[in-house]
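Student: Please take me through the largest nonpolar core in detail. I would like a connected account that also follows its surroundings.

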Amino acid sequence: MRTHECFDAPILSGLFCVGGMLSALFGPALVFVTGVAVPLGLLLPEDTMSYPNMLAFIQSGLGRAFVFSVISLFLWHAAYRFRRLLNDAGISGDFWVKRFCYRIAGGGTVVCALLLLQLS
Amino acid sequence: MSRANDCRRPTQDGQKDLSEGLSLRIRCGLHDTAALFVFVYAMTLLVGLIRLTQGEAAWNGWLAALHTPFSVGFHLISLSIFLWHIHSWFSVGARALPPIRLHGKALSPASIVMRGLVTALVAGVGLIALIWRAAA
């Protein structure tokens, strides 16, 4: 158990850090585009997120890599912090808290990869 | 994780450290709560990806959901939290990173935060410009 902790801690911290950096650099722009600008018709053309446009974006190698990185790393970043939040809230049994948080992130990552493979 | 980045580390000594430790814990609690918005946003994108695989009608349904006032409101709150996250991320980074030297001089934490904010601004505006150019 202790050996396992020593093995995965740097990996989980690394995913947390890369996800945090990605969300700091691109998160606000992404939220603005997908959740504010496109729905309200600000700045961007109306068909920015149309089905053909998004399909073409996802089917490009760079688009696929970007979408996979954003979704999976955001999930790993959130899982790290959510685990700490639950620990700080006094929920006992870090073993189960850790499993719960990281299995959601891992599951989301696998689903994302499969969907991107299906679309390619 | 370095000690400087560990929100749960015990305070060093004295009452001043105790209050600073408490303030740090509150800030870290806010960081951790903000991560919920990062999670919900990532899940929103994942649902969008699922809808994209299901065809044009499903995708348009997801887009229509993004147009609802509830969704726009949620994204506006998320946007403010993501913007706060930029500052807090680089502030914590400035404390946690080993000294960074540029031209032989160690960068101050304020300088690291400022450079981080400028980088984030360039990355964000650059991404929006790229999307705008691709969609135009």
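Tutor: The largest nonpolar core (buried Ala, Val, Leu, Ile, Met, Phe, Trp, Tyr and Cys residues joined through side-chain atoms within 4.5 Å; buried being under 20% relative accessible area with a 1.4 Å probe, protein chains only) has 56 residues, and A:M49, A:I71, A:F74, B:L49, B:L52 and B:W59 have the most contacts inside it. At least two residues each come from α1 (2-40), α2 (51-59), α3 and α4 (94-119) of chain A and from α1, α2, α3 and α4 of chain B, the helices being DSSP runs of H or I with at least four residues, numbered from the N terminus. Among these contributors, α1(A) gives the most, with 13 residues. This is a predicted model, in which local features need pLDDT of at least 70 and side-chain atom pairs pLDDT 80 or more, whereas totals for chains, interfaces and linings use all residues. Residues are numbered from 1 along each chain as written, chains are lettered from A and ligands numbered from 1 in the order written, and side-chain values use heavy atoms, without hydrogens and water.

One of the core residues listed above, B:L52, touches A:Y51, A:M54, A:L55, A:I58, A:L119 and B:W59, leaving aside residues up to four places away in sequence; contact here means heavy atoms within 4.5 Å.

Turning to the contact of the two chains, 50 residues come from chain B and 56 residues from chain A. Together the chains bury about 4,700 Å², 78% of it on carbon and sulfur atoms, this area being the accessible area (1.4 Å probe) lost on putting the two parts together, summed over both. On the side of chain B that touches chain A, two or more residues are given by each of α1 (14-53), α2 (56-66), α3 (69-96) and α4 (109-135) of chain B, and α1(B) gives the most, with 18 residues. The rule finds zero salt bridges across this interface, a salt bridge being a side-chain nitrogen of Lys or Arg within 4 Å of a carboxyl oxygen of Asp or Glu.

A:H77, in helix α3 (residues 61-88) of chain A, is buried, with a relative accessible area of 1%. Apart from residues up to four places away in sequence, A:H77 touches A:F16, A:G19, A:G20 and A:S23, together with B:V38, B:H85 and B:W89. A polar atom of the A:H77 side chain lies 3.0 Å from the backbone oxygen of A:F16.

Methods. Buried < 20%, exposed > 50% of the residue type's maximum accessible area, 1.4 Å probe, protein only. Polar contact = N/O pair within 3.5 Å; in protein donor to acceptor, adjacent residues only side chain to side chain.
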